[in-house]
Each structure stands twice: as structure tokens, then as C-alpha cells.
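Q: I have just opened this one and would like to be walked through it. Could you take it step by step?

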Amino acid sequence: MSWNSQDFFSSSPYNQQYTGSISYDFQQQQQQQQQNYSLSQPYTQYSNDNFIPSPYNFNSQVNNNQFYYPNHYIPPTATSNQNDDEPPLLEELGINFDHIFKKTKSVLNPFAIPDLSIRDDIDLAGPLIFCLIFAFSLLLFGKIHFGYVYGIVTLGTFGMYGLLNLMASSDKSCSGLFVISVLGYCLLPMVILSFLSFLFKFNSFINIILTIIFILWCSISASKLFTISLAMIGQQLLVAYPCVLFYGVFALLTMF
Amino acid sequence: MPNNNNNQQTTSLESGIPSVGSIVWTAGRTRAQQAINLYANIDYLRPYFDVEPKEILHRLFHALIPRWPLPDENFKPELYGPSMIVFTLAAILIYQMKLASHSVQDGTLIGASFLVCFGYWIGSSFAISSVSFVCNTHLSLMQILHINGYALFSHCIVLFLATFIHTGHDHLLFYGLWCIVGGAAAVRMMFVIMTRTINPRYRLLLGLFVSAIHMFFLLYLHFAYHELAEIVSHALNNEGTVPIDLPVKPVLPVVSRLVDVVSQSNDRLMARNN
């Protein structure tokens with residue numbers, strides 16, 4: 001598998017190899033351009049050296065029917081609007097509320113099997129919102145840790161991306177955007193934990209137990225989504241452990 | 001040829017033919033990509049991450065049991081277990097540094113922790129590999145990375161227990177764990193490496209070298225990042241006014257008394273040394 005910088009953003013098949021040319025030859029290109037220009041010339045010249053733009057109008061007589069009559073122009077039907085040709089705005093922006101809702105539901109219930117439609121869905125709006133809410137919840141504690149959240153998400157994404165590509169089979173590579181999407185969505189329980197820690201003052205022992213439960217919740221959700229999408233049978237535990245470490249760092253940010 | 005070059009530079013602006021700079025950039029990028037795909041292909045590491053959870057647990061368990069391996073016993077190295085152990089060690093170190101309020105001058109706690117753990121794992125593996133090459137040991141670099149990584153499991157256990165259990169006999173507990181758990185893992189690693197070395201003198205030398213760096217690293221991790229937390233907790237416990245039942249209770253609420261407490265603890269240490 002050859003690595004291109006574009007592979008991080010889109011998964012590439014295993015057998016893709018770079019077969020482009022190495023040296024660049026000007027003279028070849030110039031000759032090709034000249035040939036293109038020369039090829040187009042016969043179409044501009046037709047019988048009697050008259051310029052006839054369309055090959056279908058091969059008729060020396062003047063045909064009145066060929067003239068343009070404004071009344072013959074039939075406008076499009078009233079029922080068809082310009083908006084039918086264009087997709088809806090949300091669809092154009094790539095925001096699918098149904099998928100967002102299904103993915104959130106899948107994260108909140110870590111033991112349910114996710115819907116088929118969301119398995120390979122990449123969405124960055126949800127993760128961005130969850131990361132921002134988490135960072136804002138830390139503001140309630142007086143901690144300005146936006147940079148830490150960004151840095152940990154970046155490092156964690158690179159680490160998980162490398163690990164998943166190494167562990168998954170070679171024909172099922174995952175993209176970095178998919179990793180960010182899953183890790184970001186599964187941050188939702190951490191957001192809930194952060195708000196709970198602000199609202200309620202627990203005993204430190206209960207705090208530890210609660211934190212462990214929420215870390216396991218995030219990790220099981222993330223590993224479930226990864227293993228189902230990448231068809232990694234029997235390796236959920238192996239994928240869950242790095243997720244535990246990843247979300248454990250977020251828990252450390254909340255606790256300290 | 002020079003005339004053609006001049007023509008290329010003069011026509012580059014007019015007809016949109018790429019300039020020399022962009023050609024050099026494209027050619028350089030292509031060569032670099034080819035070199036990366038040839039030498040740093042991720043597929044070389046793929047077989048080392050093909051493991052089952054049961055194998056990992058089995059290897060973790062046996063990494064702490066000092067047993068002389070059989071002569072014909074060969075193991076297939078893998079890198080998933082050691083990588084996760086090193087990440088765990090880095091996480092425990094970050095937690096220790098947070099507790100001890102350790103500060104890093106140029107960088108972050110996470111960066112320092114990752115540097116120490118990964119630097120030790122890879123650096124010591126290369127060092128052991130070099131010495132084993134001199135001693136003519138039949139071990140590959142991947143096998144040494146594998147053994148060294150699994151031996152770090154003892155460090156994780158010792159540091160985890162030493163961080164979460166704060167008793168009056170902190171150092172005794174740590175030294176006991178250091179000897180028993182750290183020693184077991186060191187002996188296990190030593191036996192594996194010694195089995196693969198033929199010359200008896202080199203065997204002993206390599207075994208001592210490997211166990212020495214293993215044990216000293218654990219001592220370093222404890223005393224570089226844990227000491228301050230122990231002094232503070234000792235001092236606070238002796239004061240008797242602030243109950244500390246669990247280590248996760250932060251020392252921040254007693255910041256106003258911290259300066260007095262630390263100075264008193266320093267006085268006690270000076271008295272102990274004298």
C-alpha cells in the first residue's frame with residue numbers, strides 16, 4: 001500500500017500504486033498541443049469554404065425554419081423550478097440530521113448494533129460541536145484548555161489512525177476523517193461527565209468509579225463502531241484499550 | 001538546450017507551462033514518495049500487529065514469571081502489546097506528574113512523558129541490540145523490542161501501585177515491589193537473552209547489562225516524578241489537620257499552607273540526613 005497525503009482524507013484501495021512519469025518534457029507537450037490545434041482545423045472548414053458550425057446543417061439553401069423565432073421558444077413548465085436541479089442546502093453542506101441522530105443514539109447505547117446507514121458515514125460537524133462543548137464545560141471549572149483538547153484529539157487521531165491501519169486487513173483501510181468522526185462522537189459521555197462533575201460534588205471514591213464507568217462507556221462505543229466498520233472480528237478488546245487511554249486523558253483533564 | 005530553457009522560462013508566464021520551480025518540486029515530491037513507499041512502508045509492520053487478545057494476556061502473564069526458556073523455543077515477536085504497555089506507562093507517568101505538580105520548562109507534561117517512555121523503549125532496545133550483536137546473540141531487533149516492551153509491564157504495575165497506595169511505609173512498599181515485580185520481569189528478560197547467547201562470559205555480561213538498565217529505569221521513574229508527592233503527603237499526614245484518604249484528593253485546597261508544610265518537611269529531611 002503506497003501512502004499518499006490524500007489517503008489520510010480518503011481511504012484508498014490496497015493496490016493503488018503511483019505510476020506517474022518522473023521527468024517532464026516540454027517538447028512533447030508542445031507537440032501535443034500543436035496536434036490538438038491542427039486536429040480541430042478540419043471541422044471549421046467544410047464544403048465551399050463556408051463555415052458551418054454544425055455538421056447537421058449541411059444545406060446550401062436558406063431554410064426559414066432554421067431562423068430563430070421568439071414565439072417558438074417554449075419556456076420550461078411552470079411546475080419545474082430552479083431549486084429542483086439543486087440539492088437541498090443541508091445536503092449540499094453534508095449535514096444529515098438523521099445520521100447525526102442515529103450516531104448519537106448509537107454512542108449513547110454502547111451495546112446496540114449500529115444502523116447500516118451510519119457505519120461508514122463521515123461527519124465532522126458533530127465531533128466539532130462535542131469537542132467545543134467539552135472545552136466550554138471545562139471553562140465552568142475555570143480551566144481554559146481549548147489547546148489541550150485540540151492537541152489531544154489531534155495526537156489521538158494520528159495514533160488511532162496508524163494503529164487501525166496496521167491492525168485492519170489490507171483491503172479495508174480507514175481514513176483519518178473517519179477516525180476523527182468516531183472519536184469525536186464518542187466524546188459525548190465525557191461531556192456528560194464533565195457537566196455532572198460541575199453540578200454535583202461527589203466523594204472522591206465515587207468520582208473515580210464514575211470516571212471509570214464513563215471511560216469504559218466511551219471506549220466500548222468507539223471500539224464497537226471501529227470494529228464493525230473495519231470488519232475486525234474478535235479484536236474489539238484490542239481496539240478498546242487504546243480508546244481507554246485516549247478518553248482517560250480527557251478524564252484527567254476534567255479531574256485535574 | 002540553453003535556448004530551449006530560455007524559451008521555457010519566457011513562455012511559462014504566457015502559455016501556462018509550469019516553471020522550473022514547480023517541476024523541481026513535483027519531481028522531488030515524487031522521489032520522496034517513492035523512497036517512503038520503498039523504505040518506510042507501513043506494510044512492513046503489519047504482521048507485528050496481527051494478534052489475538054488471548055495471546056496478549058498470556059504474554060503479559062508470562063512476562064512476570066522468571067522461567068528458563070526451552071532451547072528450541074522460539075517466539076514470534078509482535079509490537080501491539082509493547083506499544084500499549086508503553087502508552088500505559090506514559091499515562092501513569094502523566095498522572096504521577098500531575099499529582100506531584102511536576103512542571104516542565106520547555107514543553108508539556110504529555111510530551112515529556114511520551115518522550116521518556118518511548119525514548120527508553122526504543123533507545124534501550126537499540127542499545128541491547130547493539131550489545132547483543134557484539135556478543136553474538138541470536139536475537140533480532142523486533143524480538144528485543146518485544147521482550148523489552150513486555151518487561152515494562154512490571155514498571156506499569158509497580159508505579160500504579162506505588163501511586164495509588166500511600167502508606168506510612170511508602171519507600172518500603174516501593175522497594176519491595178521494585179525487587180519482586182521488577183526483578184521478576186528483569187530475570188525473565190535476562191533468561192531469554194542469555195539462552196540465545198553461546199559464549200558464557202558474554203552471556204553473563206549481557207544478562208547483567210539488561211537487568212541493570214531495567215531496574216535503574218524503574219528507580220528513575222519513581223524518584224524523578226513521585227518524590228515530591230510523597231514528601232507533601234507525609235508532611236500533611238503528620239500535621240493531622242487535613243485528612244487525606246485517597247491520592248486523588250488534590251492538594252490544591254491546602255495551597256495556602258503548602259509553603260509552610262514543605263519547609264517543615266525539608267527541615268525534617270535535613271535532620272534525617274544529619
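**Salt bridges, helices and cysteines**

A: A good place to begin is chain A, where A:Lys102 makes a salt bridge with A:Asp98, with 3.4 Å between the closest N and O atoms; the term stands for a side-chain nitrogen of Lys or Arg within 4 Å of a carboxyl oxygen of Asp or Glu. Please keep in mind that this is a predicted model, in which local features need pLDDT of at least 70 and side-chain atom pairs count only at pLDDT 80 or more, while totals for chains, interfaces and linings use all residues. Residues are numbered from 1 along each chain as its sequence is written, chains are lettered from A and ligands numbered from 1 in the order in which they are written, and side-chain values use heavy atoms, with hydrogens and water left out.

Q: Where do A:Lys102 and A:Asp98 lie?

A: Both belong to helix α3 of chain A, residues 97-108, and they are 4 residues apart, about one turn of the helix. Helices here are DSSP runs of H or I with at least four residues, strands are runs of E with at least two, and both are numbered from the N terminus.

Q: Buried or exposed, or partly exposed: how does A:Lys102 count?

A: A:Lys102 counts as partly exposed because its relative accessibility is 25%, and A:Asp98, at 41%, is partly exposed as well. The scale calls a residue buried under 20% relative accessible area, exposed over 50% and partly exposed in between, using a 1.4 Å probe and protein chains only.

Q: How many salt bridges are there over all chains?

A: The count comes to 3 over all chains. In chain B, the side chains of B:Arg59 and B:Glu55 meet in one of them, at 3.9 Å from N to O, and both residues sit in helix α3 of that chain (residues 53-62), 4 residues apart. B:Arg59 is partly exposed at 21%, and B:Glu55 is partly exposed at 32%.

Q: Which residue forms a salt bridge with B:Arg59 at 3.1 Å?

A: That is B:Glu78, with its closest N and O atoms 3.1 Å apart from those of B:Arg59. B:Glu78 lies in the loop between α3 and α4 (80-99) of chain B while B:Arg59 is in helix α3, so the pair ties together parts that are 19 residues apart in sequence. B:Glu78 is buried, with a relative accessible area of 1%, and salt bridges that share partners join B:Glu55, B:Arg59 and B:Glu78 into one network.

Q: Changing topic, how many helices and strands does chain B have?

A: Chain B comes to 10 helices and 0 strands, and 42% of its 274 residues count as buried. Among its contacts between residues at least 6 apart in sequence, 78% join residues at least 24 apart, where contact means heavy atoms within 4.5 Å.

Q: What does B:Ser83 touch?

A: Leaving aside residues up to four places away in sequence, B:Ser83 touches B:Phe49 and B:Trp121. B:Ser83 lies in helix α4 of chain B and is buried, with a relative accessible area of 10%.

Q: And α8 of chain B, how many residues does it have?

A: Helix α8 of chain B, residues 200-225, has 26 residues and reaches 38 Å from its first C-alpha to its last, close to the 38 Å expected at 1.5 Å a residue; the expected span is 1.5 Å times one less than the number of residues. Its buried residues include B:Leu206, B:His214, B:Phe217 and B:Tyr225.

Q: Where does UniProt place the "transmembrane region" feature in chain B?

A: The unreviewed UniProt entry places it at residues 79-97, 109-135, 147-166, 172-192 and 204-225; positions follow the numbering used here, feature names are shortened, and annotations may be inferred rather than shown by experiment. Residues 204-225 of chain B are 100% helix and 0% strand, with end C-alpha atoms 32 Å apart, and residues 172-192 are also 100% helix, with their end C-alpha atoms 30 Å apart.

Q: How many disulfides does the structure hold?

A: It holds 0 over all chains, a disulfide being a pair of cysteine sulfur atoms within 2.5 Å.

Q: Why is there no bond for A:Cys174?

A: The closest cysteine sulfur to that of A:Cys174 is in A:Cys243, 12 Å away, which is too far for a bond. Likewise, the sulfur of B:Cys156 is 8.0 Å from its closest cysteine sulfur, in B:Cys117, too far for a bond. A:Cys174 is buried at 5% relative accessibility, and B:Cys156 is buried at 7%.
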